[in-house]
Amino acid sequence: MSIIEMYLLDMLHYVGVGLLVYTVARVIYIRVNHRQVNWKRELMLCLFVSYLVGLASQTVFPTWLIANYDGEPYFYFYLRGVGVHLIRSSTEGIRVECSFNGSGPLDNVNLIPLKTILSQLSGQIPVNGDEVVETSILNLLGNVLLFSPIGFFLPALWLKYQTPKRVLWMGLRITVTVEILQYLIGRSTDIDDVILNTLGVMLGFLIYRWLCRLLEKRKIAWSQAFLTPYQE
């Protein structure tokens with residue numbers, strides 16, 4: 001199984017749970033507030049939420065593990081420099097243990113634009129054999145494609161995001177927030193990820209605009225109903 005397939009499979013577990021929680025919460029919200037249901041918008045919102053849960057699972061969720069510790073169940077999660085263990089003991093109840101790895105505040109942080117991108121393109125990232133190509137694709141194209149749905153869903157769902165300037169600004173805020181959260185949970189933080197992710201958002205917006213024009217030119221009736229944001 002390739003690295004990309006492993007990521008996708010892991011995302012599906014989170015998407016399934018997130019979609020179930022969202023659907024229940026959304027149904028309750030609509031019934032309590034007596035909202036009129038627009039099925040096009042509900043479908044788009046459902047897809048968007050599913051995507052966001054999958055994205056968060058691979059970017060901002062802390063590393064965690066449920067397993068056994070000396071024969072007793074425990075829950076482990078990791079933040080920057082600190083691993084926290086919650087151990088359920090039959091004699092002591094639940095106890096908390098912390099481990100420190102001594103990482104510095106700027107470890108795994110890159111604030112130099114294009115440094116990581118150029119390292120990937122020049123093959124300077126130390127990987128083995130065939131992993132060079134796969135790692136480059138995952139880090140470069142993956143960072144672009146992973147965020148492109150944001151640029152598609154924003155204008156499809158909300159009128160105010162019909163302009164590239166607003167989509168760009170929102171995409172930049174989202175990607176910067178993701179990098180800050182990744183720093184807090186102990187993952188790598190890279191200005192190049194902000195660049196690639198924001199480019200991905202704008203790619204999604206361009207695909208949305210291109211698809212709208214293509215379907216309008218071919219006079220496909222359902223295109224306007226599906227791709228035009230619902231006016232609440």
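Me: In which helix is threonine 59 of this predicted model found, and is threonine 59 buried or exposed?

Reply: The model is a predicted one. Threonine 59 is found in helix α2, which covers residues 39-59. The relative accessible area of threonine 59 is 6%. Buried means under 20%, so the two terms asked for are helix α2 and buried.

Me: What distance separates the C-alpha atoms of threonine 59 and isoleucine 185?

Reply: Along the chain, threonine 59 and isoleucine 185 are 126 residues apart. In space, the separation of their C-alpha atoms is 9.8 Å.

Me: How many helices and how many strands does the protein chain have, and in what order do they run?

Reply: The protein chain has seven helices and six strands. Read from the N terminus on, the order of these elements is α-α-β-β-β-β-β-α-α-α-β-α-α.

Me: What percentage of the residues of the protein chain count as buried?

Reply: The protein chain has 232 residues. A residue counts as buried when its relative accessible area is under 20%. Of the residues of the chain, the share that counts as buried is 35%.

Me: Which residues form the salt bridge, and how far apart are their closest N and O atoms?

Reply: A search of the whole structure finds one salt bridge. This pair links distant parts of the chain, since arginine 26 belongs to helix α1 and glutamate 42 to helix α2, with their positions 16 residues apart. Both arginine 26 and glutamate 42 are buried. The bridge joins arginine 26 to glutamate 42, and the closest N and O atoms lie apart by 2.9 Å.

Me: What is the C-alpha separation of leucine 8 and glycine 54?

Reply: Leucine 8 has its place in helix α1 and is partly exposed, at a relative accessible area of 48%. Leucine 8 and glycine 54 are 46 residues apart along the chain. Their C-alpha atoms are separated by 8.6 Å.

Me: Is tyrosine 51 buried or exposed, and how far apart in space are tyrosine 51 and glycine 18?

Reply: Tyrosine 51 lies in helix α2. Its relative accessibility is 14%, which is under 20%, so tyrosine 51 counts as buried. In sequence, tyrosine 51 and glycine 18 are 33 residues apart. In space, C-alpha to C-alpha, they are apart by 9.7 Å.

Me: Where is histidine 34 placed, and what is its phi?

Reply: Histidine 34 is placed in the loop between α1 and α2. With a relative accessible area of 70%, histidine 34 is exposed. Most residues other than glycine have a negative phi. Histidine 34 is a residue other than glycine with a positive phi, near 55°.

Me: What is the phi of leucine 114, and in which loop does leucine 114 lie?

Reply: Leucine 114 counts as partly exposed, at 43% relative accessibility. Its phi is positive, although leucine 114 is a residue other than glycine, with a value near 75°. The loop that holds leucine 114 is the one between β5 and α3.

Me: Why do the buried residues of helix α3 lie on the same side of the helix, and which residues are they?

Reply: Helix α3 covers residues 115-122. The buried residues cover an arc of only 165° around the axis, which puts them on the same side of α3. The face turned away from that buried side carries the exposed residues Leu118 and Leu121. The buried residues themselves are Ile117, Ser119 and Gln120.

Me: Is glycine 151 buried or exposed, and what separates its C-alpha atom from that of valine 201?

Reply: Glycine 151 is found in helix α4, which covers residues 131-157. At 0% relative accessibility, glycine 151 counts as buried. Along the chain, glycine 151 and valine 201 are 50 residues apart. Their C-alpha atoms are separated by 4.3 Å.

Me: Which residues form the positive surface patch?

Reply: One member, arginine 166, is found in helix α5, residues 164-184. Arginine 166 is partly exposed, with a relative accessible area of 45%. The positive surface patch is formed by Lys160, Lys165, Arg166 and Arg173.

Me: Which residues make the nonpolar surface patch, and what is its area?

Reply: Tryptophan 169, found in helix α5, is one of the residues of this patch. Together with Trp169, the patch includes Leu172, Val176, Ile180, Leu181 and Leu184. The area of the nonpolar surface patch is about 540 Å².

Note on methods
Residues are numbered from 1 along each chain as its sequence is written. This is a predicted model: local features need pLDDT of at least 70, side-chain atom pairs count only at pLDDT 80 or more; totals for chains, interfaces and linings use all residues. Side-chain values use heavy atoms; hydrogens and water are left out. Buried means under 20% relative accessible area, exposed over 50%, partly exposed in between (1.4 Å probe, protein chains only). Helices (H or I, at least four residues) and strands (E, at least two) are DSSP runs, numbered from the N terminus. The arc is that of the directions from the helix axis to the C-beta atoms. Patches are made of residues with over 30% relative accessible area and no salt bridge: like charges are joined within 9 Å, nonpolar side chains (Val, Leu, Ile, Met, Phe, Trp, Tyr) within 5 Å. Accessible areas come from the Shrake-Rupley method with a 1.4 Å probe; for residues, only the protein chains shown count as cover. A salt bridge is a side-chain nitrogen of Lys or Arg within 4 Å of a carboxyl oxygen of Asp or Glu. Lys and Arg count as positive and Asp and Glu as negative; His and the chain ends are not counted. The place of a charge is taken as NZ of Lys, CZ of Arg, CG of Asp or CD of Glu.
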